[in-house]
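Here are my notes on this entry. Please read them with the coordinates open.

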Amino acid sequence: MKRSGFTLFEVLVAFVILVLAYSALLYLHTLSLHLLTRTRNLFSGVLRLELFLAGETVKGIQVERRTFKLEGLPIQEVIYQVPGGPEEVYFRIYERP
């Protein structure tokens, strides 16, 4: 008489493979949600910064100016920054004064 079916060992190996595959999918899903949140925050900061640079009134934009010399030429650096967000968004402009 021949036995049919799977042994306990085969069932446990199949269960471990399913758990590993599910864990990998869950990790990828969590990673994509995290990246989606970061992308939204970054896009929001860039949009606020673009509106500010286009001349709109936007609250919370910090403007920092400093002048330094590079090979004897004065260079002015202007940094526009959106503070307080989880993602750092800034734009630098270098010009001669």
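The numbered points below go from the whole chain to single residues.

1. Status of the model. This is a predicted model. Every value in this note is therefore to be read as computed from a prediction, with local features needing pLDDT of at least 70.

2. Fold content. The protein chain holds one helix and three strands. Their order along the sequence is α-β-β-β. The chain is more spread out than a compact globule, because its radius of gyration is 27 Å, well over the 13 Å that the globule rule gives for 97 residues. The C-alpha trace spans about 95 × 35 × 20 Å along its principal axes.

3. Burial and surface. Of the 97 residues, 12% count as buried. The exposed surface of the protein chain comes to about 8600 Å². Carbon and sulfur atoms supply 63% of that area.

4. Contacts and charges. Take the contacts between residues at least 6 apart in sequence: 24% of them join residues at least 24 apart. The chain carries 11 positive and 9 negative charges. The mean positions of the two sets are 6 Å apart.

5. Strand 1 with strand 2. Strand 1 covers residues 62-70. Its pairing with strand 2 is antiparallel and runs over nine bridges. Two pairs help to fix the register. Valine 63 has tyrosine 80 of strand 2 as its bridge partner. Glutamine 62 stands opposite glutamine 81, also in strand 2.

6. The hairpin of strand 1 and strand 2. How many residues lie between the strands in this hairpin? There are two. Glutamate 71 lies in this loop. Its phi is positive, about 55°, although the residue is not a glycine. That backbone angle deserves a look in the viewer. Glutamate 71 counts as exposed, because its relative accessibility is 81% and the cut-off for exposed is over 50%.

7. Strand 2 with strand 3. Strand 3 covers residues 89-95. Strand 2 and strand 3 also pair in the antiparallel sense, over seven bridges. Isoleucine 79 has arginine 92 of strand 3 as its bridge partner. The hairpin of these strands has six residues between them. Within this hairpin, glycine 84 takes a positive phi near 85°.

8. Strand 2 itself. Is strand 2 mostly covered or mostly uncovered? It is mostly covered: seven of its 10 residues, in the range 73-82, are buried. Strand 2 pairs with strand 1 and with strand 3. In general, the side chains of a regular strand alternate between the two faces of the sheet.

9. Glutamine 76. This residue is found in strand 2. Why does glutamine 76 count as buried? Its relative accessible area is 16%, and buried means under 20%. Leaving aside neighbours within four places in sequence, glutamine 76 is in contact with Arg65, Arg66, Thr67, Ile93, Tyr94, Glu95 and Pro97. Among these, Arg66 lies in strand 1.

10. Arginine 66. Arginine 66 lies in strand 1. It counts as partly exposed, at 45% relative accessibility. Beyond neighbours within four places in sequence, arginine 66 is in contact with Ile75, Gln76 and Glu77. Arginine 66 and phenylalanine 52 are 14 residues apart in sequence. In space, their C-alpha atoms are 20 Å apart.

11. Leucine 42. Which element holds leucine 42? This residue is found in helix 1, which covers residues 8-53. Leucine 42 is partly exposed, with a relative accessible area of 39%. Not counting residues up to four places away in sequence, leucine 42 touches Glu87, Glu88 and Val89. Leucine 42 and threonine 30 are 12 residues apart in sequence and 18 Å apart in space, C-alpha to C-alpha.

Definitions and conventions:
Residues numbered from 1 in each chain as written. Predicted model: local features only at pLDDT ≥ 70, side-chain atom pairs only at ≥ 80, totals over all residues. Heavy atoms only, no water. Helix = DSSP H or I, 4+ residues; strand = E, 2+ residues; numbered from the N terminus. Rg over C-alpha atoms; globule rule 2.2 N^0.38 Å. Buried < 20%, exposed > 50% of the residue type's maximum accessible area, 1.4 Å probe, protein only. Contact = heavy atoms within 4.5 Å. Areas by Shrake-Rupley, 256 points an atom, 1.4 Å probe, with all protein chains shown as cover. Lys, Arg positive; Asp, Glu negative; His and termini not counted. Charge placed at Lys NZ, Arg CZ, Asp CG, Glu CD. Pairing = 2+ DSSP bridges.
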